Amino acid sequence: MPNLCIVGLQWGDEGKGKIVDYYAEKFDGVVRYNGGSNAGHTIVIGTKTYVFHLLPSGCLQRKKLYIGPGVAVDPQTLSEEVKMLKKQGFDPKVLVDGRCTVVTPLEKEMDSLIEGLRGKNAIGTTKRGIGPSYAMRALRLTPRAGDLERGTFDFSSALSFYRRLMDNIPSLDGWTKQAREALRGIVGDVGERIMEANEDGESVLFEGAQGVLLDLIHGTYPYVTGTHTLASYVPASLGIPTRSLGEVMGVAKAYTTRVGEGPFPTEIHGPLEKEIREKGKEYGATTGRPRRVGWLDLVALRYAVKINGVSELALTKLDILTRVKEMKACTAYKMNGKTTSEFSEALPVLGSVVPVYEELPDFYGEELSSKRLSRRVEKFLEFLEDRLKVRVTLVSMGEERTATHIRAS
Ligand code: IMP
Ligand code: MG
(Lines give C-alpha, C1' and ligand atoms only; values in the text may rest on other atoms or scores of the structure.)
(Ligands and ions follow the chains in the order given, each with its own letter.)
Protein backbone atom coordinates (compact mmCIF):
# COMPACT_ATOMS: atom_id res chain seq x y z
CA MET A 1 0.00 0.00 0.00
CA PRO A 2 1.36 3.46 -0.82
CA ASN A 3 1.87 6.15 1.81
CA LEU A 4 -0.82 8.77 2.41
CA CYS A 5 -0.62 12.41 3.46
CA ILE A 6 -3.37 14.06 5.52
CA VAL A 7 -3.39 17.84 5.47
CA GLY A 8 -5.63 20.60 6.89
CA LEU A 9 -7.29 22.83 4.31
CA GLN A 10 -8.37 25.82 6.40
CA TRP A 11 -6.80 27.62 9.40
CA GLY A 12 -6.15 24.47 11.40
CA ASP A 13 -8.56 22.68 13.74
CA GLU A 14 -10.26 20.90 10.85
CA GLY A 15 -10.42 17.71 12.91
CA LYS A 16 -7.26 16.14 11.50
CA GLY A 17 -6.52 14.33 14.78
CA LYS A 18 -9.64 12.21 14.46
CA ILE A 19 -9.09 11.50 10.75
CA VAL A 20 -5.43 10.54 11.28
CA ASP A 21 -6.37 8.27 14.18
CA TYR A 22 -9.05 6.68 11.99
CA TYR A 23 -6.73 5.95 9.05
CA ALA A 24 -3.64 5.15 11.14
CA GLU A 25 -4.96 1.63 11.67
CA LYS A 26 -4.11 0.76 8.06
CA PHE A 27 -0.50 2.01 8.21
CA ASP A 28 2.66 0.85 9.93
CA GLY A 29 3.75 4.28 11.09
CA VAL A 30 2.58 7.86 11.46
CA VAL A 31 4.88 10.81 10.76
CA ARG A 32 4.51 14.39 12.00
CA TYR A 33 6.29 16.61 9.48
CA ASN A 34 5.68 20.24 10.46
CA GLY A 35 4.87 22.65 13.27
CA GLY A 36 5.41 21.80 16.89
CA SER A 37 3.48 21.95 20.14
CA ASN A 38 1.44 24.87 18.79
CA ALA A 39 -0.77 22.10 17.33
CA GLY A 40 -3.59 20.54 19.32
CA HIS A 41 -4.90 17.28 17.91
CA THR A 42 -7.93 15.96 19.76
CA ILE A 43 -8.94 12.30 19.70
CA VAL A 44 -11.94 10.88 21.53
CA ILE A 45 -12.12 7.16 22.28
CA GLY A 46 -15.18 6.15 24.26
CA THR A 47 -15.38 8.44 27.28
CA LYS A 48 -11.71 9.45 27.05
CA THR A 49 -10.47 12.60 25.32
CA TYR A 50 -6.80 12.83 24.40
CA VAL A 51 -5.06 15.97 23.17
CA PHE A 52 -1.65 15.67 21.55
CA HIS A 53 0.53 18.64 20.64
CA LEU A 54 3.68 16.94 19.43
CA LEU A 55 3.28 13.18 19.15
CA PRO A 56 1.70 11.94 15.92
CA SER A 57 -2.02 11.18 16.33
CA GLY A 58 -1.29 7.53 15.41
CA CYS A 59 -0.08 6.94 18.97
CA LEU A 60 -3.41 5.51 20.17
CA GLN A 61 -3.36 2.93 17.37
CA ARG A 62 0.02 1.73 18.74
CA LYS A 63 1.86 2.54 15.49
CA LYS A 64 5.49 3.48 15.00
CA LEU A 65 5.77 7.21 15.66
CA TYR A 66 8.09 9.47 13.72
CA ILE A 67 8.86 13.15 14.27
CA GLY A 68 10.42 14.48 11.08
CA PRO A 69 13.17 17.13 10.76
CA GLY A 70 10.67 19.88 9.82
CA VAL A 71 9.12 19.75 13.30
CA ALA A 72 10.06 22.13 16.14
CA VAL A 73 10.45 19.82 19.14
CA ASP A 74 9.84 20.96 22.68
CA PRO A 75 11.52 18.21 24.74
CA GLN A 76 9.34 18.96 27.75
CA THR A 77 6.09 18.44 25.81
CA LEU A 78 7.57 15.28 24.29
CA SER A 79 8.38 13.68 27.63
CA GLU A 80 5.01 14.75 29.12
CA GLU A 81 3.09 13.16 26.26
CA VAL A 82 5.14 9.96 26.38
CA LYS A 83 4.65 9.75 30.17
CA MET A 84 0.92 10.33 29.84
CA LEU A 85 0.59 7.54 27.27
CA LYS A 86 2.61 5.13 29.40
CA LYS A 87 0.32 5.83 32.34
CA GLN A 88 -2.63 4.89 30.15
CA GLY A 89 -1.07 1.54 29.25
CA PHE A 90 0.46 2.47 25.89
CA ASP A 91 4.10 1.90 25.01
CA PRO A 92 4.87 4.60 22.45
CA LYS A 93 7.88 3.98 20.18
CA VAL A 94 9.03 7.40 19.00
CA LEU A 95 11.87 8.29 16.67
CA VAL A 96 12.81 11.97 16.66
CA ASP A 97 14.91 13.14 13.75
CA GLY A 98 18.31 14.44 14.84
CA ARG A 99 17.84 17.46 12.59
CA CYS A 100 14.63 18.69 14.30
CA THR A 101 14.75 22.27 15.55
CA VAL A 102 14.63 22.31 19.35
CA VAL A 103 12.40 24.79 21.18
CA THR A 104 14.10 26.05 24.33
CA PRO A 105 12.65 28.29 27.09
CA LEU A 106 14.37 31.17 25.29
CA GLU A 107 12.18 30.96 22.23
CA LYS A 108 9.02 30.66 24.33
CA GLU A 109 10.04 33.79 26.19
CA MET A 110 10.79 35.53 22.88
CA ASP A 111 7.37 34.53 21.51
CA SER A 112 5.61 36.21 24.45
CA LEU A 113 7.88 39.27 24.39
CA ILE A 114 7.47 39.82 20.66
CA GLU A 115 3.68 39.43 20.87
CA GLY A 116 3.66 41.97 23.72
CA LEU A 117 5.77 44.43 21.72
CA ARG A 118 3.46 44.11 18.73
CA GLY A 119 0.61 45.42 20.91
CA LYS A 120 -2.53 45.80 18.86
CA ASN A 121 -0.78 44.26 15.86
CA ALA A 122 -0.19 40.97 17.68
CA ILE A 123 -0.46 37.81 15.56
CA GLY A 124 -2.22 35.88 18.32
CA THR A 125 0.41 33.14 18.44
CA THR A 126 0.09 30.13 20.71
CA LYS A 127 3.22 31.37 22.56
CA ARG A 128 4.80 27.94 22.24
CA GLY A 129 7.98 29.45 20.78
CA ILE A 130 7.42 28.07 17.29
CA GLY A 131 8.09 31.17 15.15
CA PRO A 132 11.16 32.25 17.15
CA SER A 133 12.65 28.76 17.08
CA TYR A 134 12.42 28.56 13.27
CA ALA A 135 13.84 32.08 13.14
CA MET A 136 16.71 31.07 15.40
CA ARG A 137 17.20 28.03 13.20
CA ALA A 138 17.53 30.31 10.18
CA LEU A 139 20.00 32.39 12.18
CA ARG A 140 21.79 29.13 13.04
CA LEU A 141 21.55 29.90 16.75
CA THR A 142 19.52 26.99 18.04
CA PRO A 143 20.44 23.36 18.73
CA ARG A 144 18.97 20.50 16.74
CA ALA A 145 17.64 17.45 18.57
CA GLY A 146 20.82 15.49 17.75
CA ASP A 147 23.11 18.28 18.99
CA LEU A 148 21.17 18.42 22.22
CA GLU A 149 21.08 14.66 22.74
CA ARG A 150 24.80 14.32 22.09
CA GLY A 151 25.53 17.31 24.30
CA THR A 152 27.55 18.97 21.56
CA PHE A 153 25.71 22.29 21.46
CA ASP A 154 27.54 25.13 23.17
CA PHE A 155 24.77 26.68 25.25
CA SER A 156 27.03 29.10 27.08
CA SER A 157 28.22 30.85 23.94
CA ALA A 158 24.66 30.80 22.58
CA LEU A 159 23.46 32.33 25.84
CA SER A 160 25.99 35.12 25.76
CA PHE A 161 24.93 35.78 22.18
CA TYR A 162 21.26 35.88 23.19
CA ARG A 163 22.10 38.08 26.14
CA ARG A 164 23.38 40.67 23.73
CA LEU A 165 20.07 40.38 21.88
CA MET A 166 17.74 40.43 24.87
CA ASP A 167 17.65 41.39 28.54
CA ASN A 168 15.91 39.10 31.02
CA ILE A 169 16.49 35.79 29.38
CA PRO A 170 15.76 32.69 31.45
CA SER A 171 18.46 30.37 32.72
CA LEU A 172 18.91 27.06 30.92
CA ASP A 173 20.70 25.16 33.70
CA GLY A 174 17.99 22.74 34.79
CA TRP A 175 16.34 22.66 31.39
CA THR A 176 19.32 21.29 29.46
CA LYS A 177 19.59 18.20 31.63
CA GLN A 178 15.88 17.40 31.42
CA ALA A 179 15.71 18.10 27.71
CA ARG A 180 18.63 15.75 26.98
CA GLU A 181 16.94 13.12 29.13
CA ALA A 182 13.73 13.47 27.08
CA LEU A 183 15.65 12.76 23.86
CA ARG A 184 18.02 10.06 25.12
CA GLY A 185 18.10 7.08 22.77
CA ILE A 186 15.22 8.15 20.54
CA VAL A 187 17.02 10.43 18.08
CA GLY A 188 17.72 9.19 14.57
CA ASP A 189 17.14 9.78 10.87
CA VAL A 190 13.40 9.69 10.19
CA GLY A 191 13.62 10.18 6.40
CA GLU A 192 16.08 7.27 6.09
CA ARG A 193 13.85 5.10 8.29
CA ILE A 194 10.78 5.87 6.18
CA MET A 195 12.60 4.99 2.96
CA GLU A 196 13.70 1.69 4.54
CA ALA A 197 10.17 0.99 5.79
CA ASN A 198 8.78 1.62 2.31
CA GLU A 199 11.42 -0.72 0.83
CA ASP A 200 10.25 -3.40 3.28
CA GLY A 201 6.69 -2.97 2.07
CA GLU A 202 5.53 -0.89 5.04
CA SER A 203 3.55 2.28 4.49
CA VAL A 204 3.21 5.41 6.58
CA LEU A 205 0.77 8.21 7.06
CA PHE A 206 2.09 11.78 6.96
CA GLU A 207 0.21 13.92 9.42
CA GLY A 208 0.05 17.64 8.78
CA ALA A 209 -0.37 20.16 11.59
CA GLN A 210 -2.20 23.51 11.24
CA GLY A 211 -3.81 24.31 7.87
CA VAL A 212 -2.91 25.59 4.44
CA LEU A 213 -4.02 29.13 5.22
CA LEU A 214 -1.46 29.29 8.05
CA ASP A 215 1.43 28.38 5.74
CA LEU A 216 4.38 30.78 6.08
CA ILE A 217 4.50 31.41 2.33
CA HIS A 218 1.09 30.51 0.93
CA GLY A 219 -1.11 31.55 3.86
CA THR A 220 -2.49 34.85 5.12
CA TYR A 221 0.91 36.39 5.96
CA PRO A 222 1.79 37.83 8.48
CA TYR A 223 -1.03 36.05 10.31
CA VAL A 224 0.48 32.62 9.77
CA THR A 225 2.56 30.10 11.64
CA GLY A 226 6.36 29.89 11.43
CA THR A 227 6.51 26.89 9.12
CA HIS A 228 5.08 25.22 6.06
CA THR A 229 1.82 23.33 6.13
CA LEU A 230 1.45 22.17 2.54
CA ALA A 231 1.63 18.51 1.55
CA SER A 232 4.61 19.35 -0.66
CA TYR A 233 6.59 20.10 2.51
CA VAL A 234 6.54 16.38 3.33
CA PRO A 235 9.28 15.28 0.88
CA ALA A 236 11.22 18.55 1.21
CA SER A 237 11.39 18.44 5.00
CA LEU A 238 11.92 14.71 5.39
CA GLY A 239 14.45 14.44 2.59
CA ILE A 240 12.61 11.67 0.77
CA PRO A 241 11.67 11.44 -2.92
CA THR A 242 8.58 13.35 -4.03
CA ARG A 243 6.94 10.11 -5.21
CA SER A 244 6.97 8.77 -1.62
CA LEU A 245 4.28 11.26 -0.69
CA GLY A 246 1.44 9.10 -2.03
CA GLU A 247 -2.08 10.46 -2.28
CA VAL A 248 -3.07 13.65 -0.49
CA MET A 249 -6.23 13.63 1.58
CA GLY A 250 -7.47 17.09 2.57
CA VAL A 251 -9.44 17.65 5.76
CA ALA A 252 -11.96 20.47 5.94
CA LYS A 253 -14.58 21.37 8.50
CA ALA A 254 -18.10 21.85 7.14
CA TYR A 255 -17.83 25.45 8.36
CA THR A 256 -14.75 27.55 9.08
CA THR A 257 -12.90 28.53 12.24
CA ARG A 258 -9.83 30.58 12.93
CA VAL A 259 -7.98 31.13 16.21
CA GLY A 260 -5.71 34.14 16.52
CA GLU A 261 -5.76 37.33 14.50
CA GLY A 262 -5.91 37.87 10.75
CA PRO A 263 -8.45 38.28 7.93
CA PHE A 264 -11.47 35.97 7.93
CA PRO A 265 -13.95 37.02 5.22
CA THR A 266 -16.79 34.66 6.20
CA GLU A 267 -16.65 35.34 9.95
CA ILE A 268 -20.05 35.27 11.70
CA HIS A 269 -20.94 37.63 14.58
CA GLY A 270 -23.89 37.22 16.91
CA PRO A 271 -26.06 34.42 18.31
CA LEU A 272 -25.24 31.88 15.56
CA GLU A 273 -21.51 32.39 16.17
CA LYS A 274 -22.01 31.50 19.83
CA GLU A 275 -24.26 28.55 19.04
CA ILE A 276 -21.79 27.01 16.61
CA ARG A 277 -18.90 27.64 19.01
CA GLU A 278 -20.69 25.89 21.89
CA LYS A 279 -22.06 22.98 19.85
CA GLY A 280 -18.77 22.50 18.02
CA LYS A 281 -16.65 22.99 21.20
CA GLU A 282 -14.66 25.55 19.25
CA TYR A 283 -12.04 26.41 21.82
CA GLY A 284 -8.32 26.15 21.10
CA ALA A 285 -6.96 22.72 22.11
CA THR A 286 -3.58 24.28 22.93
CA THR A 287 -4.50 27.68 24.35
CA GLY A 288 -8.20 27.36 25.28
CA ARG A 289 -8.97 30.55 23.33
CA PRO A 290 -12.47 30.77 21.78
CA ARG A 291 -12.15 30.15 18.05
CA ARG A 292 -13.64 32.62 15.60
CA VAL A 293 -16.44 31.01 13.60
CA GLY A 294 -17.60 31.51 10.01
CA TRP A 295 -19.39 30.06 7.02
CA LEU A 296 -17.71 27.65 4.68
CA ASP A 297 -15.43 29.59 2.34
CA LEU A 298 -15.29 27.70 -0.94
CA VAL A 299 -12.98 30.25 -2.56
CA ALA A 300 -10.32 29.61 0.08
CA LEU A 301 -11.03 25.89 0.12
CA ARG A 302 -10.70 25.54 -3.65
CA TYR A 303 -7.30 27.24 -3.41
CA ALA A 304 -6.26 24.82 -0.66
CA VAL A 305 -7.40 21.82 -2.71
CA LYS A 306 -5.56 23.13 -5.74
CA ILE A 307 -2.20 23.99 -4.24
CA ASN A 308 -2.04 20.71 -2.28
CA GLY A 309 -3.10 18.52 -5.17
CA VAL A 310 -5.81 17.07 -2.92
CA SER A 311 -7.28 13.92 -4.44
CA GLU A 312 -9.93 13.23 -1.82
CA LEU A 313 -11.64 15.22 0.87
CA ALA A 314 -12.59 14.33 4.45
CA LEU A 315 -15.36 16.60 5.70
CA THR A 316 -15.72 16.97 9.46
CA LYS A 317 -18.28 18.18 12.00
CA LEU A 318 -21.38 17.75 9.88
CA ASP A 319 -23.32 17.05 13.08
CA ILE A 320 -22.87 20.69 14.13
CA LEU A 321 -24.64 21.90 10.99
CA THR A 322 -27.79 19.88 11.73
CA ARG A 323 -28.54 22.85 14.06
CA VAL A 324 -28.31 25.48 11.35
CA LYS A 325 -31.48 26.32 9.46
CA GLU A 326 -30.35 28.56 6.63
CA MET A 327 -26.92 27.61 5.46
CA LYS A 328 -24.73 29.45 3.05
CA ALA A 329 -21.26 29.24 1.61
CA CYS A 330 -19.00 31.91 0.12
CA THR A 331 -18.38 31.24 -3.57
CA ALA A 332 -16.73 34.52 -4.63
CA TYR A 333 -15.31 37.74 -3.22
CA LYS A 334 -16.07 41.31 -4.21
CA MET A 335 -12.94 43.42 -4.25
CA ASN A 336 -11.82 46.66 -5.89
CA GLY A 337 -15.06 46.91 -7.86
CA LYS A 338 -14.82 43.40 -9.28
CA THR A 339 -15.80 39.89 -8.33
CA THR A 340 -13.32 37.04 -8.18
CA SER A 341 -13.33 33.41 -7.18
CA GLU A 342 -9.53 33.18 -7.30
CA PHE A 343 -8.21 33.21 -3.74
CA SER A 344 -4.67 34.05 -4.77
CA GLU A 345 -5.93 37.20 -6.47
CA ALA A 346 -7.76 38.27 -3.30
CA LEU A 347 -5.05 37.26 -0.83
CA PRO A 348 -3.19 40.61 -0.72
CA VAL A 349 -6.45 42.43 0.15
CA LEU A 350 -8.25 39.63 1.99
CA GLY A 351 -9.02 41.89 4.96
CA SER A 352 -11.27 44.08 2.83
CA VAL A 353 -13.04 41.66 0.46
CA VAL A 354 -16.81 41.26 0.68
CA PRO A 355 -17.92 37.64 0.48
CA VAL A 356 -20.57 36.66 -2.07
CA TYR A 357 -22.77 33.93 -0.65
CA GLU A 358 -24.83 31.18 -2.18
CA GLU A 359 -27.48 29.26 -0.32
CA LEU A 360 -26.24 25.79 0.67
CA PRO A 361 -28.52 22.74 0.68
CA ASP A 362 -29.21 22.32 4.42
CA PHE A 363 -29.99 19.27 6.53
CA TYR A 364 -31.51 21.03 9.51
CA GLY A 365 -32.87 18.73 12.20
CA GLU A 366 -31.44 15.63 10.54
CA GLU A 367 -30.51 12.60 12.69
CA LEU A 368 -27.20 11.72 11.05
CA SER A 369 -26.30 8.07 10.77
CA SER A 370 -22.81 6.82 9.94
CA LYS A 371 -24.37 3.82 8.18
CA ARG A 372 -26.27 5.73 5.54
CA LEU A 373 -26.33 9.33 4.38
CA SER A 374 -29.71 10.91 3.69
CA ARG A 375 -30.62 12.44 0.34
CA ARG A 376 -30.33 15.92 1.88
CA VAL A 377 -26.79 15.32 3.12
CA GLU A 378 -25.84 13.83 -0.25
CA LYS A 379 -27.15 17.00 -1.94
CA PHE A 380 -24.99 19.13 0.32
CA LEU A 381 -21.92 17.01 -0.49
CA GLU A 382 -22.62 17.09 -4.21
CA PHE A 383 -22.79 20.89 -4.09
CA LEU A 384 -19.34 21.01 -2.48
CA GLU A 385 -17.88 18.46 -4.87
CA ASP A 386 -19.12 20.45 -7.81
CA ARG A 387 -17.49 23.66 -6.53
CA LEU A 388 -14.28 22.12 -5.24
CA LYS A 389 -13.75 19.61 -8.04
CA VAL A 390 -12.85 16.87 -5.61
CA ARG A 391 -14.63 13.82 -4.22
CA VAL A 392 -15.70 13.74 -0.56
CA THR A 393 -14.71 10.23 0.56
CA LEU A 394 -15.12 10.56 4.32
CA VAL A 395 -17.78 12.30 6.37
CA SER A 396 -17.30 12.78 10.11
CA MET A 397 -20.39 13.40 12.23
CA GLY A 398 -19.08 13.20 15.78
CA GLU A 399 -15.94 12.95 17.83
CA GLU A 400 -16.04 9.15 18.15
CA ARG A 401 -14.10 6.91 15.75
CA THR A 402 -17.38 5.19 14.92
CA ALA A 403 -19.16 8.42 13.94
CA THR A 404 -17.55 8.21 10.51
CA HIS A 405 -19.02 7.39 7.13
CA ILE A 406 -16.89 6.25 4.19
CA ARG A 407 -18.19 7.13 0.73
CA ALA A 408 -17.04 5.29 -2.35
CA SER A 409 -14.49 7.23 -4.39
P1 IMP B 1 2.17 30.18 16.19
O2 IMP B 1 2.12 28.96 15.30
O3 IMP B 1 2.05 29.82 17.66
O4 IMP B 1 3.30 31.10 15.87
O5 IMP B 1 0.83 31.04 15.89
C6 IMP B 1 0.63 31.71 14.66
C7 IMP B 1 -0.82 31.62 14.22
O8 IMP B 1 -1.13 30.27 13.89
C9 IMP B 1 -1.83 32.02 15.31
O10 IMP B 1 -2.94 32.61 14.66
C11 IMP B 1 -2.22 30.69 15.93
O12 IMP B 1 -3.50 30.76 16.55
C13 IMP B 1 -2.24 29.82 14.67
N14 IMP B 1 -2.02 28.39 14.97
C15 IMP B 1 -0.86 27.78 15.23
N16 IMP B 1 -1.03 26.47 15.42
C17 IMP B 1 -2.35 26.23 15.24
C18 IMP B 1 -3.14 25.04 15.25
O19 IMP B 1 -2.66 23.92 15.45
N20 IMP B 1 -4.48 25.21 15.02
C21 IMP B 1 -5.01 26.42 14.75
N22 IMP B 1 -4.31 27.55 14.72
C23 IMP B 1 -2.98 27.46 14.95
MG1 MG C 1 -5.95 21.98 16.61
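The paragraphs below walk through a helix, two ligand sites and several single residues of this predicted model.

Because the model is predicted, local features need pLDDT of at least 70 and side-chain atom pairs count only at pLDDT 80 or more, while totals for chains, interfaces and linings use all residues. Residues are numbered from 1 along each chain as its sequence is written, chains are lettered from A and ligands numbered from 1 in the order in which they are written, and side-chain values use heavy atoms, with hydrogens and water left out.

A good place to start is helix α11, which spans residues 298–308. Helices here are DSSP runs of H or I with at least four residues, strands are runs of E with at least two, and both are numbered from the N terminus. Eight of the eleven residues of α11 are buried, so the helix is largely enclosed by the rest of the structure. Buried stands for under 20% relative accessible area, exposed for over 50%, and partly exposed for values in between, using a 1.4 Å probe and protein chains only. The buried residues of α11 are Leu298, Val299, Ala300, Leu301, Tyr303, Ala304, Val305 and Asn308. Their packing partners are the strands β1 (4–8), β11 (247–253), β14 (296–297) and β16 (328–335), together with the helices α13 (343–346) and α14 (375–388).

Both ends of α11 carry further detail. At the N-terminal end, Asp297 acts as a cap, with a side-chain oxygen 3.1 Å from the backbone nitrogen of Val299. Asn308 also lies in α11 and counts as buried at 8% relative accessibility. The side chain of Asn308 reaches the backbone oxygen of Ala304 at 3.0 Å. Such polar contacts are pairs of N or O atoms within 3.5 Å; within protein, one atom must be able to donate a hydrogen and the other to accept it, and residues adjacent in sequence count only if both atoms are side-chain atoms. Leaving aside neighbours within four places in sequence, Asn308 is in contact (heavy atoms within 4.5 Å) with Val7, Leu9, Val212, Leu230, Ala231 and Val248. Just after the helix, Gly309 takes a positive phi of about 60 degrees.

Turning to the ligands, ligand 1 has 16 residues around it, of which Asn38, Thr126, Thr225, Val259 and Arg289 come nearest; a residue belongs to this shell if one of its heavy atoms lies within 4 Å. By class, the shell holds six nonpolar, eight polar and two charged residues. In this scheme Ala, Val, Leu, Ile, Met, Phe, Trp, Tyr, Cys and Pro are nonpolar, Asp, Glu, Lys and Arg are charged, and the others, Gly among them, are polar. Oxygen atoms of ligand 1 lie 2.6 Å from an N or O atom in the side chain of Thr225 and 2.9 Å from one in the side chain of Asn38. A nitrogen atom of ligand 1 is 3.2 Å from an N or O atom in the side chain of Gln210. Taken alone, ligand 1 exposes 470 Å², and the protein buries 97% of that; these areas come from the Shrake-Rupley method with a 1.4 Å probe, and for residues only the protein chains shown count as cover.

Ligand 2 is a magnesium ion whose protein donors are Asp13 (OD) and Gly40 (O), lying 2.2 to 2.5 Å from it. Asp13 lies in the loop between β1 and α1 (16–24) and Gly40 in the loop between β2 (29–32) and β3 (41–45), so the pair ties together parts that are 27 residues apart in sequence. Donors are N, O and S atoms within 2.8 Å of the metal (3.2 Å for Na, K and Ca), and water is not among the atoms, so sites may look incomplete. Gly40 counts as buried, at 16% relative accessibility.

Some backbone geometry also deserves a look. Most residues other than glycine have a negative phi, and most peptide bonds are trans. Gln210, found in strand β10, has a positive phi of about 55 degrees although it is not a glycine, and counts as buried at 8% relative accessibility. Lys317 likewise has a positive phi, of about 65 degrees; Lys317 sits in the loop between β15 (312–316) and α12 (318–321) and is partly exposed at 23%. A cis peptide bond joins Tyr221 and Pro222, with omega about 5 degrees.
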